[in-house]
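User: I've got a structure to go through with you. Can we take it topic by topic?

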Amino acid sequence: MMNVLLQLKEIAKINRPLAPDIKLIIPYRKHQYTDSLIELINEARFQKNDSLLECSLIASETDGLNNKYTDIFCKLLEENWHSSQEDVAEYLEELKDINSIDTLFSVALLDESKYDDEPIPLAKKCIWALGAINDKKSLKKLQMLATSKNQLLKEAAVAELKKLNNSFE
């Protein structure tokens, strides 16, 4: 196991870690390295090492995501030192963990203030993740986002509610 982590750290030294390189050393969806990969993600976070983080996230997704990642993914989603926020939002969408609802909501709101008339990619991915969770609390958060003064955020939330056949009042 340590050998795999060392290999990942070496791959991370490359400017742009390549998913095929990582997929050669991590078995697909075997969930063999969850705890070690969470430690590696934390190390990348502590060092604010974007390349190591990207490599660790690719390895985590390859190994197979589970709800053990929710806490660290929520922390990463709230941090803007790295370039993987949108990927993290997509992973939270895949996990559908109710423990990520408040973070997804607050990040969508934070992201709304950055855009007036252009796409809101991170906020949209947070909205899609809230829709994927699809429980009472996440639907309530989507309804709140659907009242945003930011037209793009409002449209994205209303579209997600319609997709879920949940009328917006």
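Analyst: What follows covers cysteines, one helix, salt bridges and a buried glutamate in this predicted model.

User: Cysteines first. How many disulfides does the structure hold?

Analyst: Zero disulfides.

User: Why is Cys74 not bonded to Cys126?

Analyst: Because the two sulfurs are too far apart for a bond. The sulfur of Cys126 is the closest cysteine sulfur to that of Cys74, at 9.6 Å. The cut-off for a disulfide is 2.5 Å. Seen from the other side, Cys126 has the sulfur of Cys74 as its nearest, and Cys126 is in no disulfide.

User: Is Cys74 buried or exposed? And what about Cys126, buried or exposed?

Analyst: Cys74 is buried, at 7% relative accessibility. Cys126 is buried too, with a relative accessible area of 0%.

User: Switching to helix α4. How many residues does α4 have, and how far does it reach?

Analyst: Helix α4 runs over residues 50-63, which is 14 residues. From first C-alpha to last it reaches 20 Å. That is close to the 20 Å expected at 1.5 Å a residue.

User: How many residues of α4 are buried?

Analyst: 13 of the 14, so α4 is mostly covered.

User: What sits at the start of α4?

Analyst: Asn49. A side-chain oxygen of Asn49 comes within 3.2 Å of the backbone nitrogen of Ser51.

User: And what comes just after α4?

Analyst: Gly64, with a positive phi of about 115°.

User: On to charges. How many salt bridges are there?

Analyst: The structure holds 11 salt bridges. One of them starts from α4: Glu61 pairs with Arg29, N to O at 3.3 Å.

User: Where does Arg29 lie?

Analyst: In the loop between α2 (19-23) and α3 (34-47). Glu61 is in helix α4, so this pair ties together parts 32 residues apart in sequence. Arg29 is partly exposed, at a relative accessible area of 31%.

User: Which residue does Glu79 meet in a salt bridge?

Analyst: Arg45. The N to O distance is 2.6 Å. Glu79 lies in the loop between α5 (70-78) and α6 (85-95), and Arg45 in helix α3. The pair therefore ties together parts that are 34 residues apart in sequence.

User: How accessible are Glu79 and Arg45?

Analyst: Glu79 counts as buried at 18% relative accessibility. Arg45 counts as partly exposed at 22%. The cut-off for buried is under 20%, so the two residues fall on either side of it.

User: What about Lys137, which partner does it meet?

Analyst: Asp102, in a salt bridge of 3.1 Å, N to O. Here both residues sit in helices: Lys137 in α9 (residues 136-145) and Asp102 in α7 (residues 101-112). The pair links distant parts of the chain, 35 residues apart. Lys137 is partly exposed, with a relative accessible area of 38%. Asp102 is partly exposed as well, at 41% relative accessibility.

User: Which residues do shared salt-bridge partners join into one network?

Analyst: Glu86, Glu90 and Lys125.

User: Last topic, Glu160. Where is it found?

Analyst: In helix α10, residues 151-163.

User: Is Glu160 buried or exposed?

Analyst: Buried, with a relative accessible area of 3%.

User: What is Glu160 in contact with, leaving aside neighbours within four places in sequence?

Analyst: Ile127, Trp128, Gly131, Ala132 and Leu142.

Technical notes
Residues numbered from 1 in each chain as written. Predicted model: local features only at pLDDT ≥ 70, side-chain atom pairs only at ≥ 80, totals over all residues. Heavy atoms only, no water. Buried < 20%, exposed > 50% of the residue type's maximum accessible area, 1.4 Å probe, protein only. Helix = DSSP H or I, 4+ residues; strand = E, 2+ residues; numbered from the N terminus. Contact = heavy atoms within 4.5 Å. Expected span 1.5 Å × (residues − 1). Polar contact = N/O pair within 3.5 Å; in protein donor to acceptor, adjacent residues only side chain to side chain. Salt bridge = Lys/Arg side-chain N within 4 Å of Asp/Glu carboxyl O.
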